[in-house]
Amino acid sequence: GHQVETGLGSAHGKAILLGEHSVVYGAPAIVLPLLDLQATASIRRARRGFITSDLYTGPLAAAPKHMDPVLTALRVSAEQLDVRGDRVELTLRSTIPFERGLGSSAATSAAVVRAVANLAGVRLDAAQAHALVQEAEHVAHGTSSGLDAHAVQSMTPLRFQQGKPTTVKVADKFTFVIADTGTSGSTAAAVDGVAMLRDIQPRVVDRVVEDLANLTDDVVYALGLGDPIRVGQSMHEAHSLLAYLGVSSPALDAVVAAALEAGAYGAKLTGSGLGGCVLAVVPDQEQAGDVAAAMTAVGATRTWTTTLVPNDFDL
Ligand code: MEV
């Protein structure tokens, strides 16, 4: 391959459209690419290891614990690609909010892996890149479903079940609004909470997981039909089921209600919950502005609009 002075890599954010938590119990999930939210990495060989980022700037060797996923991405990709990973200057930038369920850690790891590959003049295939990012994600989240590592590197929505991603057909343009409640819920606490509820009421929780699985596949179908109203209905029902599992919050519920009142077809928490973001599906770009304003009026700290474009011509 052709080596370069400065290796560059990037990856985008993601939002779970449906299937968070139930995916942990073998149900499917759908993830959307958030192409406007980007993490980028640039890397060059240097005498001493140094890292520049929003979360930490300083010597690589003195990086704090919360940089472990990034450092793991750097270490495993450098080992695999024959780069001296301890002797590089790494610069990270990201417009993906940190710890909001939008894939910031996986996207940053993916950007690092790609930048190292670029520096080494190696083209990684999707499976190789995924394996390296997943190793960093494992450090970040312990056992994780592997969903983020795929989602941040896919240009199309993915249906994801038991570790396997498949492309979801999209027949029409869909407009979504994402709103940040400004709080971060702990993924571990949310996942543990559901597991505890399942210990006490296994049949009830298994039934909810099954309902979420059915709603997820209904959304896959509705995306293929180009039917945003149907997508919204299933999202609405999913939010109630997630609240029943104990992973919503008053702030999330308020933002969901405001979105519906302002004309969204449906809205739900996205990611592990207890905080983080709400995802709403809206009729069009114009309505997106109204919905975003309504969500902001009840406390959302930031909003983003994202459109999903049809892809059924190339499937
Ligand atoms: C967190 O982003 C999504 C969960 O389903 C956990 C996981 O899939 O690992 C809550």
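A pocket is here an open set of grid points where a 1.4 Å probe fits, with protein on both sides within 12 Å along at least five of seven lines. In this predicted model, the second largest pocket has a volume of about 380 Å³. The briefing covers that pocket, then the ligand and its surroundings, and finally the residue S272.

**The second largest pocket**
- Its lining comprises 16 residues, of which R114, L124, D125, A129 and Q153 are the closest to the pocket centre.
- At least two lining residues come from each of the helices α2 (104-120), α3 (126-141) and α4 (147-151).
- Sorted by class, the lining of this pocket consists of eight nonpolar, five polar and three charged residues.

**The ligand and its shell**
- Nine residues surround the ligand, and those that come nearest are E20, H21, V23, S145 and S272.
- The protein buries 88% of the 300 Å² that the ligand exposes when taken alone.
- For H21, a backbone N or O atom lies 2.9 Å from an oxygen atom of the ligand.
- The shell around the ligand divides into four nonpolar, four polar and one charged residues.

**Residue S272**
- S272, one of the residues that come nearest to the ligand, is placed in the loop between β9 (266-270) and β10 (277-282).
- S272 counts as buried because its relative accessibility is 15%, and buried means under 20%.
- Although S272 and G185 are 87 residues apart along the chain, their C-alpha atoms are separated by 7.3 Å.

Note on methods: Residues numbered from 1 in each chain as written. Predicted model: local features only at pLDDT ≥ 70, side-chain atom pairs only at ≥ 80, totals over all residues. Heavy atoms only, no water. 1 Å grid on protein atoms, 1.4 Å probe; cavity = no way out; pocket = protein on both sides within 12 Å on 5 of 7 lines; lining within 4 Å. Points joined across faces, edges and corners; volume = space filled by probe spheres on them. Helix = DSSP H or I, 4+ residues; strand = E, 2+ residues; numbered from the N terminus. Nonpolar A, V, L, I, M, F, W, Y, C, P; charged D, E, K, R; others polar. Near = heavy atom within 4 Å. Polar contact = N/O pair within 3.5 Å; in protein donor to acceptor, adjacent residues only side chain to side chain. Areas by Shrake-Rupley, 256 points an atom, 1.4 Å probe, with all protein chains shown as cover. Buried < 20%, exposed > 50% of the residue type's maximum accessible area, 1.4 Å probe, protein only.
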